[in-house]
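Biologist: I have this one open on my screen. Can we walk through it together?

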Number of protein chains: 4
Amino acid sequence: MDYVYGPGRNHLFVPGPVNIPDPVIRAMNRNNEDYRSPAIPAMTKTLLEDVKKIFKTTTGTPFLIPTTGTGAWESALTNTLSPGDRIVSFLIGQFSLLWIDQQQRLNFNVDVVESDWGQGANLDVLAEKLAADSAHTIKAICIVHNETATGVTNNLATVRKLLDHYNHPALFLVDGVSSICALDFRMDEWGVDVALTGSQKALSLPTGIGMVCASPKAIEASKTAKSVRVFFDWKDYLKFYKMGTYWPYTPSIQLLYGLRAALDLIFEEGLDNVIARHSRLGKATRLAVEAWGLKNCTQKEEWFSDTVTAVVVPPYIDSAEIVKRGWKRYNLSLGLGLNKVAGKVFRIGHLGNLNELQLLGCLAGVEMILKDVGYPVVLGSGVAAACAYLQNNTPMIPSRI
Amino acid sequence: MDYVYGPGRNHLFVPGPVNIPDPVIRAMNRNNEDYRSPAIPAMTKTLLEDVKKIFKTTTGTPFLIPTTGTGAWESALTNTLSPGDRIVSFLIGQFSLLWIDQQQRLNFNVDVVESDWGQGANLDVLAEKLAADSAHTIKAICIVHNETATGVTNNLATVRKLLDHYNHPALFLVDGVSSICALDFRMDEWGVDVALTGSQKALSLPTGIGMVCASPKAIEASKTAKSVRVFFDWKDYLKFYKMGTYWPYTPSIQLLYGLRAALDLIFEEGLDNVIARHSRLGKATRLAVEAWGLKNCTQKEEWFSDTVTAVVVPPYIDSAEIVKRGWKRYNLSLGLGLNKVAGKVFRIGHLGNLNELQLLGCLAGVEMILKDVGYPVVLGSGVAAACAYLQNNTPMIPSRI
Amino acid sequence: MDYVYGPGRNHLFVPGPVNIPDPVIRAMNRNNEDYRSPAIPAMTKTLLEDVKKIFKTTTGTPFLIPTTGTGAWESALTNTLSPGDRIVSFLIGQFSLLWIDQQQRLNFNVDVVESDWGQGANLDVLAEKLAADSAHTIKAICIVHNETATGVTNNLATVRKLLDHYNHPALFLVDGVSSICALDFRMDEWGVDVALTGSQKALSLPTGIGMVCASPKAIEASKTAKSVRVFFDWKDYLKFYKMGTYWPYTPSIQLLYGLRAALDLIFEEGLDNVIARHSRLGKATRLAVEAWGLKNCTQKEEWFSDTVTAVVVPPYIDSAEIVKRGWKRYNLSLGLGLNKVAGKVFRIGHLGNLNELQLLGCLAGVEMILKDVGYPVVLGSGVAAACAYLQNNTPMIPSRI
Amino acid sequence: MDYVYGPGRNHLFVPGPVNIPDPVIRAMNRNNEDYRSPAIPAMTKTLLEDVKKIFKTTTGTPFLIPTTGTGAWESALTNTLSPGDRIVSFLIGQFSLLWIDQQQRLNFNVDVVESDWGQGANLDVLAEKLAADSAHTIKAICIVHNETATGVTNNLATVRKLLDHYNHPALFLVDGVSSICALDFRMDEWGVDVALTGSQKALSLPTGIGMVCASPKAIEASKTAKSVRVFFDWKDYLKFYKMGTYWPYTPSIQLLYGLRAALDLIFEEGLDNVIARHSRLGKATRLAVEAWGLKNCTQKEEWFSDTVTAVVVPPYIDSAEIVKRGWKRYNLSLGLGLNKVAGKVFRIGHLGNLNELQLLGCLAGVEMILKDVGYPVVLGSGVAAACAYLQNNTPMIPSRI
């Protein structure tokens with residue numbers, strides 16, 4: 001049943017899907033149920049309320065769609081926009097690229113703002129475009145909060161500031177796939193109109209729920225948006241929300257119980273503590289990379305990502321070989337470099353249900369792999385740097401004080 | 001964590017989601033994995049091969065889409081048709097109604113052939129339409145194999161015969177949601193162009209995989225179909241199939257392992273034995289209904305469904321009360337009557353991983369509920385009728401002979 | 001991995017091990033933990049407190065020994081008695097026989113009071129023995145509360161009355177393996193000195209915890225009892241209880257979490273409701289047996305057991321054939337007749353986590369098997385009788401009202 | 001349900017209970033079954049055959065007793081010896097001490113050979129005793145293969161050589177609790193008469209099976225041994241082995257399936273590879289300890305244990321504080337120092353289902369804790385030393401080459 005078993009635990013450090021907490025695995029270990037019984041709506045009600053806290057919104061409307069992040073993207077776009085609508089979209093890596101590809105295939109008029117891979121979204125260009133758009137032809141700004149391919153975190157607060165500065169009514173659509181529930185994200189405060197993530201990312205569940213949250217303005221837009229949609233149509237959800245049965249089609253019972261357990265754990269730890277933990281692990285990872293004498297793919301500190309670090313390898317090394325070796329020799333799963341940075345970077349995902357010692361095991365593994373592939377790493381150097389930081393900054397586990 | 005616990009086992013007899021076999025629950029009881037490691041493609045390859053056997057096709061191309069049946073519908077339609085295309089679609093109950101609603105919202109020109117709820121698709125009308133359509137304006141025939149709301153099984157072989165008779169090139173699209181892997185379904189033999197089901201139906205998995213299988217003709221059609229689609233686009237899958245990595249976006253690791261286990265169990269039992277088991281349980285259920293003196297919503301024997309039985313209650317009884325009572329008193333989950341037959345029928349789902357004694361427990365429960373709500377049932381009558389049939393027709397469990 | 005898979009659910013109706021509730025299976029689905037961390041003692045403390053409620057004692061001391069019922073027997077005997085001690089023990093079936101065999105091999109002087117299999121303990125003889133024993137040579141009375149082989153429940157209150165009447169100081173040792181947590185059992189009220197059960201019985205866990213509860217008098221006796229014991233010695237437990245670390249040797253982490261979950265479910269349902277449910281299911285089973293025209297192995301109503309029914313088959317039928325057929329054809333697990341009643345009775349266990357419809361499925365299965373093996377049963381007759389009773393007597397599930 | 005949850009995975013490095021492989025957790029995730037059905041004996045047969053491979057015996061008879069290591073000890077002793085029998089037993093740490101305590105309480109005449117804690121068994125004294133015992137008053141030699149409290153591995157081959165040299169017929173009883181399936185152990189080659197382990201140790205299961213293997217000579221001895229025993233009596237097992245039903249009392253269904261899965265994984269990896277993995281992880285741990293400037297409790301290299309390392313802390317540090325801090329801050333579970341070495345050593349268990357990166361995470365954690373408690377460790381030093389060794393010596397995972 002296990003296709004390629006290795007002794008001991010798999011060390012899962014791809015930037016998604018991520019490690020699922022054991023209590024969540026347990027919660028999902030169950031038979032199907034009738035989703036039209038009173039039990040499922042009762043639980044769903046609590047889920048919808050609590051998911052809003054993860055998005056930091058009180059006014060948003062969440063949708064838990066049986067789909068992936070790609071589907072969540074499509075839901076965000078087709079519910080709020082009409083074919084031909086002009087949108088400004090930032091290309092900074094593979095996932096923003098894929099979203100732009102989707103935007104184009106959905107027949108929007110995409111104004112692509114491209115940066116080097118490793119840089120954040122060019123918000124100066126956004127400012128120019130907004131300044132020039134007194135006619136309000138721009139209907140939406142589409143931006144990934146965190147580009148998973150390069151480990152770049154964009155500054156969403158600035159996007160909002162620009163929109164406000166130019167008094168521009170464009171919708172503000174955010175891909176929070178590798179950020180929400182791990183990085184500081186504030187839907188209401190930043191005036192995000194649609195935010196979305198996938199269950200297999202920082203929420204630490206299996207793939208299967210595309211989580212989309214819509215502001216009142218987005219909900220309003222959905223009433224006139226002309227993009228063709230059925231499966232992804234919010235209208236059907238809203239209809240069933242009103243009836244109190246919640247589901248226009250069959251949800252995964254297991255994922256609902258899993259989400260319930262995941263949210264309980266997040267609130268038990270405290271969402272701010274969860275975010276602080278990600279910050280701590282991100283910082284530790286970057287210190288290790290530095291100690292190894294390697295470069296972060298992310299070009300400036302302001303863009304450093306606390307959920308994924310893309311490490312640039314020397315030109316004489318194929319980063320794919322590092323990933324392959326991790327899996328074959330150390331039961332370590334690292335992320336490949338994608339597209340433009342294929343062969344050039346490997347990625348360490350450090351998001352989701354993870355702690356210090358797990359990360360340190362990974363970093364030790366990376367050191368051995370670097371040595372394996374001929375990079376003159378000083379063994380222990382990265383771990384030492386990370387430990388020095390973590391030993392100073394890791395709090396007691398609150399429940400165990 | 002369990003919202004409304006009752007002692008003992010829940011008796012799940014809604015027509016989906018259905019009971020998951022314990023070995024499948026076990027197979028899914030696991031952490032996430034890197035879906036880009038060599039293990040997942042290796043397993044996926046076996047899944048795609050084996051899923052074809054469930055559809056009884058050797059030439060079809062299967063897609064395991066992270067969605068529900070509603071998404072599978074959308075995938076079937078948008079990949080093969082263009083807005084404005086004329087399609088003939090049969091309205092015989094709630095699920096065919098919902099599919100037609102989707103077809104209309106996707107901007108097809110839907111030629112609806114309506115029957116009374118409880119009747120099968122009117123194929124005489126189809127014959128007339130095909131006969132009249134020498135210009136081949138009909139681009140597709142859309143039909144549910146088994147209408148889950150009324151327990152009606154349509155005759156797909158006849159649809160194929162008509163298409164052949166009139167030498168009509170229309171695509172033949174089949175909703176097999178509550179039929180495939182339970183009823184006799186033959187994709188290649190019947191010349192079905194797109195067939196689809198959901199993982200939570202007869203395959204007895206959680207919700208989350210929309211299984212769509214496309215004939216070479218459907219694949220060909222997808223190259224020119226103009227319906228807008230991205231998430232549901234087969235093209236992306238085909239591209240990754242070619243690369244041998246299979247997944248254009250993140251699949252559910254758990255569902256893949258679950259599907260592997262489910263297929264293994266089906267093949268261990270034998271697909272024909274699985275179908276025979278459904279036939280046996282369907283027949284037993286109908287004999288019980290007869291013994292209770294109640295009517296089957298399905299109006300003719302030729303349409304009797306072996307996966308779900310919709311039972312008509314006397315006018316002085318509200319069928320919703322029966323469902324409510326089953327859940328509240330006997331931990332029995334029955335299906336509600338939907339839309340036109342709301343309050344008038346309740347439904348016994350008998351599909352998926354189920355055996356004789358489970359069904360008999362359900363039938364005994366229904367008898368007690370009928371008595372509870374004031375119907376003068378003879379207690380034991382339905383069980384006796386079902387037992388008489390089952391005792392004569394149940395084979396030894398092959399692995400235990 | 002499954003040695004002999006059959007489609008659908010296995011219907012487990014042996015009188016132990018019994019069906020485990022899904023929430024308990026979930027709770028046990030976990031890795032090992034350090035049992036010397038603060039977490040396990042904290043949980044253990046709650047377990048020991050709550051287990052006392054199951055025994056209906058406030059003054060008793062519970063021991064959760066990693067063993068089976070056989071080990072629990074040995075623990076009860078060796079901690080309280082010395083070799084050569086005279087004990088009165090009642091032989092009424094296979095399990096009392098095995099306990100007596102153990103008593104003899106442990107070198108006690110066993111005064112066996114034998115009854116026909118199907119009868120309860122002969123308490124008249126006990127009265128005589130107590131009356132005659134003014135010298136108090138009898139050190140203990142050993143009695144099974146419920147003989148699992150014949151479905152006979154002994155009257156423990158009468159034993160206590162006799163001891164009191166004769167003012168006899170003998171210890172009162174009770175095997176509650178197939179009674180505690182299912183039948184009315186009152187350790188304190190009945191002055192039981194040692195009571196015991198196994199986790200795989202009415203508590204509905206896997207095998208692995210021998211639960212023994214000792215009265216203050218039994219604890220006192222343990223200080224001078226000369227039987228050799230180490231693994232089963234209460235002294236080691238008491239030492240660790242005092243230290244607050246609880247475990248003299250490694251417990252099963254999984255079973256501790258399982259027990260926690262099992263107790264939570266029992267208290268959620270209400271222990272009295274649990275007992276009432278067993279009474280209801282026992283009564284329904286006996287009504288079915290009567291309707292089939294078969295005899296209960298239990299010879300008088302006063303001894304009828306609400307946890308197991310031993311059904312006598314006609315002489316021309318081998319009861320082992322019934323059990324075999326249940327397993328091979330209907331995925332139904334019934335209990336064999338043991339020893340003296342081998343071939344003559346089969347047993348329906350109706351204890352633990354079970355509800356009405358599960359039992360009715362089993363009864364329908366038994367009817368079909370009876371027909372299979374040539375007994376002229378009227379199909380549906382037993383189910384009808386059971387339904388008539390259950391439909392009148394089953395309460396609403398409290399959590400769902 | 002989780003008493004003290006911490007984010008991320010618990011790092012379990014106590015020397016038992018140890019980490020359970022996920023496939024084993026899955027295999028145990030199941031309801032009870034009738035252990036008298038044909039399925040359980042069929043599986044048991046394979047278990048008994050395969051367990052012999054773990055003990056490296058072809059002539060031994062294994063017993064899978066529902067108990068712990070303490071019970072397995074008692075089974076080994078009481079089945080082969082009679083009260084008053086003289087046995088030579090080696091006291092070298094807490095677990096040998098406990099076994100000796102048991103031997104004394106079971107009324108054997110124990111000739112204790114004591115060593116300093118940190119030293120191995122004094123086999124010179126054994127030689128003397130054997131030389132002096134021409135009358136063969138010594139009935140058994142009892143020795144722990146690996147003393148879990150101090151991380152000392154005894155040389156069993158030498159014991160056998162001495163017995164052979166003096167042509168002494170004493171039984172050779174071995175506690176292999178923290179060795180079998182991890183260290184090189186050869187029952188037949190070394191002429192061990194009873195060897196035993198517990199399921200929660202290197203076999204990586206939950207607690208609950210005391211695994212005892214008896215040589216033909218031990219079986220012969222059991223026929224005349226006069227120690228009182230019932231639950232632990234091999235005779236009852238042998239009787240049921242003959243009948244082919246195997247179990248004299250109820251086994252844990254879950255543990256049987258778990259053991260099946262555990263054995264499958266061990267054979268898939270290869271028992272010799274499993275042992276080599278333990279050797280590798282043991283060596284790496286010792287290199288880290290050295291790099292930290294700390295002493296191994298084990299006084300000579302010949303006794304170094306590959307399953308547990310007891311690390312001596314400087315006198316100004318309380319080792320219990322290290323363990324406490326590991327749990328409270330880093331979710332790391334280390335072993336306490338016990339009895340004579342309480343406060344002086346902490347223990348790193350490195351046995352069972354474990355790999356290189358897990359260990360390195362643990363070592364990094366220990367470094368941070370050492371710093372926390374005021375020991376001037378060079379952060380990264382131990383990890384560096386371990387990595388240097390592991391990077392040179394870790395083979396590719398065979399299934400992934």
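**Axis, interface and helices**

Modeller: Let me start at the rotation axis: A:G361 is the residue of chain A that comes closest, its C-alpha lying at 1.9 Å. Before we go on, this is a predicted model, where local features need pLDDT of at least 70, side-chain atom pairs count only at pLDDT 80 or more, and totals for chains, interfaces and linings use all residues. Residues are numbered from 1 along each chain as its sequence is written, chains are lettered from A and ligands numbered from 1 in the order in which they are written, and side-chain values use heavy atoms, with hydrogens and water left out.

Biologist: What turn lays chain A on chain D?

Modeller: A turn of 180 degrees, with a shift of 0.0 Å along the axis and an RMSD of 0.0 Å. That is how a two-fold axis relates copies. The superposition is by least squares on the C-alpha atoms of residues with pLDDT of at least 70 in both.

Biologist: How many residues of chain A are in contact with chain D?

Modeller: 53 residues of chain A, against 54 residues of chain D. Contact means heavy atoms within 4.5 Å. The copies meet through the same surface, because 100% of the interface residues of chain A are also interface residues in chain D.

Biologist: How much area do chain A and chain D bury between them?

Modeller: About 4900 Å², with 58% of it on carbon and sulfur atoms. Buried area is the accessible area (1.4 Å probe) that two parts lose on being put together, summed over both. In chain A, the most area is lost to chain D by A:Y5, A:L357 and A:R400, together 18% of what that side buries.

Biologist: And how many salt bridges does the rule find across that interface?

Modeller: There are 2 between chain A and chain D. The rule wants a side-chain nitrogen of Lys or Arg within 4 Å of a carboxyl oxygen of Asp or Glu. D:R9 pairs with A:D22 in a salt bridge, the closest N and O atoms being 3.8 Å apart.

Biologist: Which element of chain A gives the most to that side?

Modeller: α12(A), with 9 residues. Helices (H or I, at least four residues) and strands (E, at least two) are DSSP runs, numbered from the N terminus.

Biologist: Let's leave the interface. What about salt bridges within a chain, say B:R325?

Modeller: B:R325 forms a salt bridge with B:D372, with 2.8 Å between the closest N and O atoms. This pair links distant parts of the chain: B:R325 sits in α11 (residues 319-330) and B:D372 in α12 (residues 356-372) of chain B, 47 residues apart.

Biologist: Which residue does C:D50 meet in a salt bridge?

Modeller: C:R260, at 2.8 Å from N to O. Here C:D50 belongs to α2 (residues 39-55) and C:R260 to α9 (residues 253-269) of chain C, 210 residues apart.

Biologist: Is C:D50 buried or exposed?

Modeller: Buried, with a relative accessible area of 11%. C:R260 counts as buried too, at 5% relative accessibility. Buried means under 20% relative accessible area, exposed over 50%, partly exposed in between (1.4 Å probe, protein chains only).

Biologist: Back to chain A. How many residues of α2(A) are buried?

Modeller: 12 of its 17, so α2(A) is mostly covered. Among them are A:M43, A:L47, A:D50 and A:F55. The end C-alpha atoms of α2(A) are 25 Å apart, which agrees with the 24 Å that 17 residues should span at 1.5 Å a residue. The expected span is 1.5 Å times one less than the number of residues.

Biologist: What follows α2(A)?

Modeller: A:K56, with a positive phi near 50 degrees.

Biologist: And which residues of α4(A) are buried?

Modeller: A:Q94, A:S96, A:W99, A:I100, A:Q102 and A:Q103. Their cover includes α3 (69-80), β3 (86-91) and β8 (171-175) of chain A. Just after α4(A), A:N107 takes a positive phi of about 70 degrees.

Biologist: Any odd backbone in the loops? Where does A:C181 lie?

Modeller: In the loop between β8 and β9 (194-198) of chain A. A:C181 is not a glycine, yet its phi is positive, about 80 degrees. A:C181 counts as buried at 2% relative accessibility.

Biologist: Which peptide bond of chain B is cis?

Modeller: The one from B:G16 to B:P17, with omega near 0 degrees. B:P17 lies in the loop between β1 (11-12) and α1 (22-28) of chain B.
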